[in-house]
Structure formats: C-alpha cells, structure tokens
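Student: I am new to this structure and would be grateful for a close look at a single part of the chain. Please take the backbone and its surroundings step by step.

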Amino acid sequence: MKRLFDVVVSLVLLVLLAPVMLMVAIMILLVMGRPVLFRQSRPGRDGKLFRVLKFRTMGTGTDASGAPLPDAQRLGRLGRFLRGSSLDELPELINVIRGEMSLVGPRPLLPEYLPLYDEHQARRHEVRPGITGWAQVKGRNALSWPEKFDLDVWYVDNQSLLLDLKILVLTVGQVFKTSDVNQAGHATMSRFTGNE
C-alpha cells in the first residue's frame with residue numbers, strides 16, 4: 001500500500017506542480033546558470049547508494065585553491081528562498097517514482113556518515129528515505145543529530161499509512177512556517193562527525 005500510495009501521489013504532484021517546477025528551473029537558470037539540478041549520491045534503503053535529485057540552491061564559487069566556498073557564501077537569496085519553501089525538494093518526486101525514495105521516511109544523508117552511525121542510528125536505513133519525515137515535522141534542522149536519529153528510528157518502528165498521512169499534512173504547515181530550515185549558527189546544518 002505504501003509503495004502504491006507513493007507512486008500515485010508523486011505522479012499527481014508532478015503533473016500539478018509542473019508549472020511551478022518550470023518556473024523554479026527558469027529562475028535558477030537566470031540567477032545561477034547551469035546546472036539547474038543538483039545530483040548527489042545518498043544512501044537509501046539498506047545503505048544502497050542512489051543519485052538524489054534536487055533543484056540547485058548554491059553557487060559554484062571556489063577559493064584560490066579550488067575548494068568550494070563555505071555554504072554561507074554560496075547560498076544566495078534565491079537559494080535561501082528555495083530551501084525555506086522546500087521547493088528545492090520537488091525533483092525528489094522522480095526519485096520516489098523510481099523506487100529510490102518514499103514520500104515519507106528518514107531524510108537521505110551523506111554517504112560518509114554511514115560508518116559513523118551506531119547500531120541504533122543505522123536502523124534509519126531499514127526503510128526508504130523520504131522527501132519528508134517524522135524528524136522534519138518535529139523540528140527539522142533545529143534538532144541535534146542524536147534527536148534526529150532517534151525520531152528516524154521511531155518512525156521505522158511505528159510506520160503506517162495513517163502516520164504517513166499525518167506527516168504529509170504537518171509538512172504542509174512546516175513549509176508555510178519556513179522555520180527551522182537552518183541549524184543555529186549555520187547556513188544549513190552542521191556535519192555529523194560521529195558519536196562521542
């Protein structure tokens with residue numbers, strides 16, 4: 001039921017939101033240029049890597065050595081708007097249709113975090129990652145890493161179609177509230193460096 005729900009809702013949303021996605025793509029082209037989409041490897045169910053699709057929110061600026069500038073310097077006004085409104089996440093609907101993601105589940109994080117999880121935290125990969133999730137509606141990036149992981153595992157143990165519907169409804173409220181997008185003191189979210 002969850003997979004069928006994911007596919008049907010994602011297809012409907014892609015059709016309904018196609019004009020919005022086109023407008024976002026045009027804005028990115030005009031303000032930041034190509035590429036419009038951001039692709040990056042992320043671990044999915046059972047830690048299997050896939051390429052997540054998002055609208056690009058950061059510039060491509062580098063320092064004298066060729067290393068990317070800090071997030072705060074590459075994240076412009078358009079990028080902040082796309083992240084705050086969650087419009088940057090819309091291309092992930094394609095990942096859902098492909099079966100790499102779900103509408104609801106733990107957010108897909110960076111592959112380099114995989115060896116840093118303890119046994120409890122690693123359980124977040126027992127399900128497909130989601131566009132939104134329990135941790136996102138309970139505090140988003142204002143949460144600490146341990147708090148996020150505990151909420152992710154709680155979702156794994158308590159998932160149901162009814163819970164998914166509740167999270168989707170709460171997500172709409174989060175999007176309009178546009179709060180907790182960034183962790184305090186960071187342009188986005190601090191990196192997970194493991195457990196003390």
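Tutor: What follows concerns the loops with notable backbone angles, and then some of the elements beside them. The model is predicted.

Proline 35 belongs to the loop that runs between helix 1 (2-31) and strand 1 (37-43). The peptide bond leading from arginine 34 to proline 35 is cis, and its omega is near -5 degrees. Most residues other than glycine have a negative phi, and most peptide bonds are trans.

The loop between strand 1 and strand 2 (49-55) holds aspartate 46. This residue is not a glycine, yet the phi of aspartate 46 is positive, near 60 degrees. Is aspartate 46 buried or exposed? Its relative accessible area is 67%, and exposed means over 50%, so aspartate 46 counts as exposed.

Serine 86 is placed in the loop between helix 3 (77-85) and helix 4 (92-98). Serine 86 also has a positive phi, of about 65 degrees, without being a glycine. Its relative accessible area is 17%; buried means under 20%, and serine 86 is therefore buried.

Strand 2 contains lysine 54. With a relative accessible area of 13%, lysine 54 is buried. Which residues does lysine 54 touch, not counting those up to four places away in sequence? They are Val36, Leu37, Phe38, Asp88, Glu89, Pro91, Glu92 and Arg107. As for proline 91, 37 residues separate it from lysine 54 in sequence, while the C-alpha atoms of the two are 5.2 Å apart in space.

Threonine 132 is part of strand 4 (residues 130-132). Its relative accessibility is 6%, so threonine 132 is buried. The side chain of threonine 132 makes a polar contact of 2.7 Å with the side chain of threonine 171. Apart from neighbours within four places in sequence, threonine 132 is in contact with Leu103, Val104, Gly105, Val137, Ile167, Leu168 and Thr171.

The last element is helix 6, which covers residues 145-158. How does the span of helix 6 agree with what its 14 residues should give? At 1.5 Å a residue, helix 6 should span 20 Å, and its end C-alpha atoms are 20 Å apart, so the two agree. The buried residues of helix 6 include Trp145, Lys148, Phe149, Leu151, Asp152, Val153, Tyr155 and Val156. In an α-helix there are 3.6 residues a turn, so residues three or four places apart point the same way.

Definitions and conventions. Residues are numbered from 1 along each chain as its sequence is written. This is a predicted model: local features need pLDDT of at least 70, side-chain atom pairs count only at pLDDT 80 or more; totals for chains, interfaces and linings use all residues. Side-chain values use heavy atoms; hydrogens and water are left out. Helices (H or I, at least four residues) and strands (E, at least two) are DSSP runs, numbered from the N terminus. The expected span of a helix is 1.5 Å times one less than its number of residues. Buried means under 20% relative accessible area, exposed over 50%, partly exposed in between (1.4 Å probe, protein chains only). Contact means heavy atoms within 4.5 Å. A polar contact is a pair of N or O atoms within 3.5 Å; within protein, one must be able to donate a hydrogen and the other to accept it, and residues adjacent in sequence count only if both atoms are side-chain atoms.
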